[in-house]
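Below are some notes for a colleague who will be reading this structure with its sequence alongside. They are arranged as numbered points.

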Amino acid sequence: WSFTAYSAAVKRGAISIQANFMGRLIVFLSNFLLILARINCIVVYMYYFGPGQFYQGVLSIVCHAFLVGLVHLCLSNSKTSIENQTKTKVTCYLYIVYSFLLNALANIFNHNYVKISGLEEKSKGATFLRQAVFDLIFLVENIIMCIIGCLLPVPLSSKVHNSIIIIIRS
């Protein structure tokens with residue numbers, strides 16, 4: 001619910017509870033289902049490596065965070081805004097790294113655009129392209145994780161294997 005409240009604040013009240021309760025509820029359910037699907041894909045993917053072997057999955061999540069951090073810097077106005085509002089090069093680079101890390105970690109389960117407080121960012125225009133690129137990244141990653149998870153070389157109990165297949169097919 002907190003991310004939905006943040007989305008409402010970013011949209012300047014367009015999906016506030018008083019103005020548009022159904023819109024707010026739809027955004028909440030959408031985010032909830034996207035996060036649930038992503039978590040299921042990650043779990044299925046992690047089963048591929050076997051019990052206790054989570055290093056490959058953590059490395060995959062770090063690679064994802066790095067990729068979406070780079071995409072954030074390319075598609076946002078953060079870098080230009082930071083360069084225009086900071087006095088020294090060191091401060092500028094620290095803000096850029098902070099923005100990169102903050103948005104990279106915020107985009108592990110679904111698309112977020114976290115703006116740094118204290119810095120004014122002028123809108124670069126419509127965010128449709130940004131949303132479409134991030135949704136495409138999540139879709140491709142989820143499909144790849146499910147395909148790899150279906151390979152399952154590790155012998156699992158039939159109950160676990162059947163539940164994984166049900167999750168993938170739904």
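The points below move from the overall fold to one pocket, then to the aromatic rings and one isoleucine.

1. The coordinates come from a predicted model, and the points that follow should be read with that in mind. In this model the protein chain has seven helices and zero strands, so that, by the DSSP runs used to assign elements, the pattern along the sequence reads α-α-α-α-α-α-α.

2. As for packing over the whole chain, 31% of the 170 residues count as buried. Among contacts in the protein chain with a separation of 6 or more, 66% are made by residues 24 or more positions apart. The accessible surface of the chain comes to about 11,000 Å², and carbon and sulfur atoms account for 70% of that surface.

3. The second largest pocket holds about 160 Å³ of space. Three helices, α2 (21-48), α3 (55-75) and α6 (128-151), each contribute at least two residues to the lining of this pocket. Written out, the lining consists of Arg38, Ile42, Tyr45, Gly57, Ser60, Ile61, His64, Glu141, Ile144, Met145 and Ile148.

4. What is the chemical character of the lining of the second largest pocket, in terms of nonpolar, polar and charged residues? Its residues divide into six nonpolar, three polar and two charged. Since Arg and Glu count as charged, the two charged members can be identified as Arg38 and Glu141 in the lining, and Gly57, which is also in the lining, falls in the polar class because Gly is counted there.

5. Tyr45 deserves a point of its own, being one of the residues that line the second largest pocket. Is this tyrosine 45 buried or exposed? Its relative accessibility is 11%, and tyrosine 45 therefore counts as buried, the cut-off for that class being under 20%.

6. Turning to the aromatic rings, a search of the whole structure finds five aromatic pairs. In one of them, the ring centres of tyrosine 45 and phenylalanine 49 are 5.2 Å apart and the planes stand at 90°, so this pair is edge-to-face. Ring pairs also link Tyr45, Tyr48 and Phe49 into a cluster, and Tyr45 thus takes part both in this cluster and in the lining of the second largest pocket.

7. Isoleucine 39 is another residue to look at, and is found in helix α2. Its relative accessibility of 36% is the reason that isoleucine 39 counts as partly exposed. The C-alpha atom of isoleucine 39 is separated by 9.9 Å from that of isoleucine 108, although the two residues are 69 apart along the chain.

Key
Residues are numbered from 1 along each chain as its sequence is written. This is a predicted model: local features need pLDDT of at least 70, side-chain atom pairs count only at pLDDT 80 or more; totals for chains, interfaces and linings use all residues. Side-chain values use heavy atoms; hydrogens and water are left out. On a 1 Å grid over the protein atoms alone, a cavity is a set of points where a 1.4 Å probe fits but cannot get out, and a pocket is an open set with protein on both sides within 12 Å along at least five of seven lines; lining residues have an atom within 4 Å of a point. Grid points are joined across faces, edges and corners, and a volume is the space filled by probe spheres set on the points. Helices (H or I, at least four residues) and strands (E, at least two) are DSSP runs, numbered from the N terminus. Buried means under 20% relative accessible area, exposed over 50%, partly exposed in between (1.4 Å probe, protein chains only). Contact means heavy atoms within 4.5 Å. Accessible areas come from the Shrake-Rupley method with a 1.4 Å probe; for residues, only the protein chains shown count as cover. Rings of Phe, Tyr and Trp (its six-membered ring) pair if their centres lie within 6.5 Å; planes under 30 degrees apart count as stacked, over 60 as edge-to-face and the rest as tilted.
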